[in-house]
Amino acid sequence: MNYSKLSLLVFFAFSCNLFSQTTGSKNASVTLPVVTLMDIEPAGNIVLNFTAPTEAGNTLINPVNNTTKWVNYTSAVAPGGLSRKITASVNQVIPGVQIKIQAAAASGAGGGTMGTSSGLVTLSTSPVTIISGIGGAYTGTGASNGHMLTISVSPTTYANLSAVINSPITITYTITE
């Protein structure tokens with residue numbers, strides 16, 4: 001018997017077993033919760049005061065538009081879910097005065113499907129959409145992130161005006177599907 005052929009055959013059989021691979025698999029579970037968070041930054045009140053004219057016959061002087069507030073949000077929608085929107089309303093109206101708001105396009109940090117501004121809208125006690133089409137997104141947090149809000153007031157009907165001092169108006173913002 002030729003031992004060199006037998007040893008070569010044995011060596012070849014062992015070498016195949018020494019270099020073989022095995023694979024396996026393991027299931028992993030990932031959970032992404034539905035998230036709907038929104039806030040207005042920075043915290044605190046704003047003041048919008050009309051100025052009395054200095055010459056008889058002139059109109060009231062409107063306050064300068066306020067652009068110090070930003071809306072920030074985080075949104076993760078359910079599979080097949082609808083996009084979200086942000087609405088705004090006031091707790092009361094002042095006769096003869098319009099309160100308007102406009103959300104700018106999203107800017108700053110963040111990513112995803114940001115919402116679209118509805119443009120300049122007049123606020124009332126019924127919610128009105130100011131941003132729509134929010135998908136899975138985050139704006140970043142704080143001032144200079146998200147949508148800058150421009151809030152303005154102006155007289156509409158002088159016949160309905162009456163003097164009010166420090167009339168607190170609350171603007172309520174809501175994010176919904």
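User: Where is Pro-42 found in this fold?

Analyst: In this predicted model, Pro-42 belongs to the loop that runs between strand 1 (35-41) and strand 2 (66-76).

User: What kind of peptide bond joins Glu-41 and Pro-42?

Analyst: Start with the general idea: most peptide bonds are trans. Here, the bond joining Glu-41 and Pro-42 is cis, with omega at about -15 degrees.

User: OK, phi next. What is phi of Ser-144 near, and where does Ser-144 lie?

Analyst: As a rule, most residues other than glycine have a negative phi. Ser-144 has a positive one, near 75 degrees, and is not a glycine. Look for Ser-144 in the loop between strand 9 (137-138) and strand 10. Ser-144 counts as partly exposed because its relative accessibility is 48%, and that class runs between 20% and 50%.

User: On to sheets. In what order do the four strands of the open sheet come?

Analyst: Read across the sheet rather than along the chain. The order is 6-8-3-11, and the pairing is antiparallel. Strand 6 (116-117) and strand 11 (171-176) are the edge strands; each has a single partner strand, so one side of each has no neighbour in the sheet.

User: How many bridges link strand 3 and strand 11?

Analyst: Six, in the antiparallel sense, with strand 3 covering residues 84-90. Take Ser-89 as an example: Ser-89 sits in strand 3, and its bridge partner in strand 11 is Thr-172.

User: Is Ser-89 buried or exposed?

Analyst: The cut-off for buried is under 20% relative accessible area. Ser-89 comes in at 12%, so Ser-89 counts as buried.

User: And what is Ser-89 in contact with, leaving aside neighbours within four places in sequence?

Analyst: Two stretches of the chain are worth clicking on. One holds Leu-123, Ser-124, Thr-125, Ser-126 and Pro-127. The other holds Thr-170, Ile-171 and the bridge partner, Thr-172.

User: Last one, the largest pocket. How many residues line it, and which lie nearest its centre?

Analyst: The lining has 31 residues, with Ile-46, Val-47, Leu-48, Ser-167 and Ile-169 nearest the centre. The space inside is about 1,000 Å³.

User: Which strands supply at least two residues of that lining, and how do the lining residues divide by type?

Analyst: Strand 4 (97-103), strand 10 (147-155) and strand 11 each supply at least two. By type, the lining has 22 nonpolar residues, eight polar and one charged. So you meet strand 11 twice: at an edge of the open sheet, and again in the pocket lining.

Definitions and conventions. Residues are numbered from 1 along each chain as its sequence is written. This is a predicted model: local features need pLDDT of at least 70, side-chain atom pairs count only at pLDDT 80 or more; totals for chains, interfaces and linings use all residues. Side-chain values use heavy atoms; hydrogens and water are left out. Two strands pair if DSSP finds at least two bridges between them. Buried means under 20% relative accessible area, exposed over 50%, partly exposed in between (1.4 Å probe, protein chains only). Contact means heavy atoms within 4.5 Å. On a 1 Å grid over the protein atoms alone, a cavity is a set of points where a 1.4 Å probe fits but cannot get out, and a pocket is an open set with protein on both sides within 12 Å along at least five of seven lines; lining residues have an atom within 4 Å of a point. Grid points are joined across faces, edges and corners, and a volume is the space filled by probe spheres set on the points. Ala, Val, Leu, Ile, Met, Phe, Trp, Tyr, Cys and Pro count as nonpolar, Asp, Glu, Lys and Arg as charged, and the others, Gly among them, as polar.
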